[in-house]
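Please read the report below with the sequence and the structure at hand. It begins with the sheet, moves on to the helices, and ends with a few single residues.

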Amino acid sequence: MSMILDRRRFLARAGLAALAAGLGLPFSLEPAAAQTVDQAKLMAPAASPLAEKAVGSATAPVTVVEYASMTCSHCAAFHTTTFPELKTKYIDTGKVRFVFREFPFEPVATAAFMLARCMPEDKYFPMVSTLFETQKTWAYSNDPAAGLLTVAKQAGMSQADFEKCLTDQTLGEKVQESALYANKELGVNATPTFFINGKKVSGALGIAEWDKELAPLLAGK
């Protein structure tokens with residue numbers, strides 16, 4: 001109960017109460033869809049209401065789309081343990097283009113995504129990495145606002161910019177639109193969820209599992 005109350009205080013301080021009221025994701029998730037989705041639907045403009053965030057060659061033979069929540073411990077585990085090796089082995093070598101999309105289940109995750117979006121373009125992924133690395137210090141603390149502010153300041157953001165970012169209702173709504181589209185159109189109902197050339201795979205895959213998924217797609221490439 002204390003965590004719920006503290007998160008409510010956080011919402012009030014950050015100006016996100018209206019966003020929280022409209023989120024609804026934990027209570028209205030659609031059932032999981034088929035295990036493969038149409039690439040056109042996956043890459044449609046509506047799937048990414050904000051500018052797409054991706055690393056890797058645009059001409060890579062494999063495109064991986066991840067839906068994650070910043071407060072998801074499994075997402076944090078993937079990004080802090082497996083993703084660096086995946087990046088070195090497949091992304092940096094031009095074999096995989098990796099697209100990262102927001103799927104916040106609750107307002108604190110929405111706020112964390114907003115902070116990443118408010119960073120300069122070249123600081124977005126470093127901020128995402130930092131938020132995952134420090135997740136335990138803010139996501140599950142008694143004062144998530146203070147924890148997020150500490151991370152933001154360490155990344156060079158002033159308190160004024162922090163407050164301005166988290167009171168940008170349009171930004172918050174667009175972060176949520178990404179998740180709503182993914183749930184309704186792609187059947188995403190858990191994080192992390194990956195689409196590997198359209199094939200839906202859920203869970204924080206280890207590098208051996210990535211090798212297995214990617215090998216047939218990269219054969220002869």
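In which sense do strand 1 and strand 3 pair, and over how many bridges? In this predicted model, strand 1 pairs with strand 3 (residues 96-102) in the antiparallel sense, over three bridges, and within this pair Ala54 stands opposite Val99 of strand 3.

**The sheet**

These two strands belong to an open sheet of five strands, whose order is 1-3-2-4-5 and whose pairing is mixed. Strand 1 (53-55) and strand 5 stand at the edges with a single partner strand each, so one side of each has no neighbour in the sheet. On average, and with direction ignored, neighbouring strands of this sheet are turned by 20° against each other. As a general point, the strands of a sheet pair through backbone hydrogen bonds, in either a parallel or an antiparallel way.

At the other end of the strand order, strand 4 (residues 193-196) and strand 5 (residues 199-202) are paired in the antiparallel sense over four bridges, and Phe194 stands opposite Val201 in strand 5. The hairpin formed by strand 4 and strand 5 has two residues between the strands. Asn197, which lies in the loop between strand 4 and strand 5, has a phi near 50°, a positive value in a residue other than glycine. With a relative accessibility of 30%, Asn197 counts as partly exposed. In the loop between helix 10 (169-186) and strand 4 lies Pro192, and the peptide bond that joins Thr191 and Pro192 is cis, with omega at about -5°.

**Helices on the sheet and against each other**

Helix 4 packs on the sheet, where it touches strand 1, strand 2 (62-68), strand 3 and strand 4, and its direction makes about 155° with that of strand 3. Helix 11 lies across strand 2, strand 3, strand 4 and strand 5, and runs at about 20° to strand 4. Helix 4 and helix 11 also pack against each other, and the table sets this pair beside that of helix 5 and helix 6.

| Helix pair | Angle between axes | Axis separation |
|---|---|---|
| Helix 4 (residues 73-91) and helix 11 (residues 207-218) | about 30° | 11 Å apart |
| Helix 5 (residues 107-118) and helix 6 (residues 124-133) | roughly 150° | within 8 Å |

Helix 5 is therefore roughly antiparallel to helix 6, and helix 5 passes helix 6 in a right-handed crossing. In this contact Ala112, Leu115, Ala116 and Arg117 of helix 5 meet Tyr124, Met127, Val128 and Leu131 of helix 6, and by class the contact has seven nonpolar, no polar and one charged residues.

Helix 4 and helix 11, by their angle, are roughly parallel to each other, and their crossing is right-handed. Here Phe78, Thr82, Glu85, Leu86, Lys89 and Tyr90 of helix 4 meet Ile207, Trp210, Asp211, Leu214 and Leu218 of helix 11, and the residues of this contact divide into seven nonpolar, one polar and three charged.

**A residue in helix 7**

Is Gln135, which is found in helix 7 (residues 135-138), buried or exposed? Gln135 has a relative accessible area of 4% and is therefore buried. When its neighbours within four places in sequence are left aside, Gln135 is in contact with Met70, Thr71, Cys72, Ser73, Ala76 and Tyr140.

Key
Residues are numbered from 1 along each chain as its sequence is written. This is a predicted model: local features need pLDDT of at least 70, side-chain atom pairs count only at pLDDT 80 or more; totals for chains, interfaces and linings use all residues. Side-chain values use heavy atoms; hydrogens and water are left out. Axes are lines fitted to C-alpha atoms, for helices over the stretch in contact, and angles run from 0 to 180 degrees between N-to-C directions. Angles under 35 degrees count as roughly parallel, over 145 as roughly antiparallel, 65 to 115 as roughly perpendicular and the rest as oblique. A crossing is left-handed if the near helix is turned anticlockwise from the far one by less than a right angle, and right-handed if clockwise. Contact means heavy atoms within 4.5 Å. Ala, Val, Leu, Ile, Met, Phe, Trp, Tyr, Cys and Pro count as nonpolar, Asp, Glu, Lys and Arg as charged, and the others, Gly among them, as polar. Two strands pair if DSSP finds at least two bridges between them. Buried means under 20% relative accessible area, exposed over 50%, partly exposed in between (1.4 Å probe, protein chains only).
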